[in-house]
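Biologist: I would be grateful for a close look at one part of this model, namely its largest pocket. Please describe the pocket first and then add what can be said about individual residues elsewhere in the chain.

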Amino acid sequence: MNATNLLAGLGGAVMLTILNESLKHINGDMPRIDLVGEEAMQKSAAYFGVEMDNKETLYEASLIGDLVSNTAYFSLISGEGKELWTKAASAGFFAGVGAINLPSKIGLDDEPVAKTNTTKAWTIGYYIIGALTTATLVRLIERFQNRQ
């Protein structure tokens with residue numbers, strides 16, 4: 001992993017977060033990735049004996065955790081030519097499928113991301129958009145670096 005991929009991965013993670021935060025209250029079928037993150041943060045903190053009673057602190061901590069983990073994941077996206085786009089779309093798709101299927105396997109409530117088929121489709125779509133944003137930023141940064 002290099003600085004280009006890390007910066008592009010951060011861009012993809014920010015895009016995913018912007019989508020979730022700006023669309024989550026449109027209707028009841030929209031994904032609530034933030035709620036899964038908050039539950040994971042709360043259970044992780046409790047495991048270490050830390051109480052997270054303040055909702056704002058919990059929200060902020062889970063938002064940071066989501067940004068860090070999604071940046072790390074998206075920063076693995078790389079490739080030459082059309083391969084980059086195929087890898088990005090695949091990475092996004094599989095991250096979305098994981099976001100739908102993993103919560104219940106690790107003791108978290110999956111309803112916020114898997115309530116309906118519409119919710120599932122939006123969840124996968126968010127991750128695909130985040131991954132394609134990452135690929136776009138990889139290409140833009142590479143072009144900028146090659147001009148210098």
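Modeller: The account below takes the pocket first and then turns to two single residues. Please bear in mind that the model is predicted.

The largest pocket holds about 480 Å³ of space. Its lining is made up of 21 residues, and those nearest the centre of the pocket are V36, D66, S69, N70 and Y127. Helices α2 (33-47), α3 and α4 each contribute at least two residues to this lining. Sorted by class, the lining comprises 13 nonpolar residues, seven polar residues and one charged residue.

Helix α3, one of the contributors to the lining, spans residues 55-74 and includes S62. S62 counts as buried because its relative accessibility is 3%, which is under the 20% limit. Leaving aside residues up to four places away in sequence, S62 is in contact with D34, G37, E38 and M41.

Helix α4 covers residues 82-105, and the loop between α4 and α5 (111-114) is where D110 is placed. D110 has a relative accessible area of 27% and is therefore partly exposed, as this value falls between the limits of 20% and 50%. With residues up to four places away in sequence again left out, D110 touches I100, P103, S104 and K115. For D110 and I100, the separation in sequence is ten residues, while their C-alpha atoms are 6.5 Å apart in space.

How values were computed: Residues are numbered from 1 along each chain as its sequence is written. This is a predicted model: local features need pLDDT of at least 70, side-chain atom pairs count only at pLDDT 80 or more; totals for chains, interfaces and linings use all residues. Side-chain values use heavy atoms; hydrogens and water are left out. Helices (H or I, at least four residues) and strands (E, at least two) are DSSP runs, numbered from the N terminus. Buried means under 20% relative accessible area, exposed over 50%, partly exposed in between (1.4 Å probe, protein chains only). Contact means heavy atoms within 4.5 Å. On a 1 Å grid over the protein atoms alone, a cavity is a set of points where a 1.4 Å probe fits but cannot get out, and a pocket is an open set with protein on both sides within 12 Å along at least five of seven lines; lining residues have an atom within 4 Å of a point. Grid points are joined across faces, edges and corners, and a volume is the space filled by probe spheres set on the points. Ala, Val, Leu, Ile, Met, Phe, Trp, Tyr, Cys and Pro count as nonpolar, Asp, Glu, Lys and Arg as charged, and the others, Gly among them, as polar.
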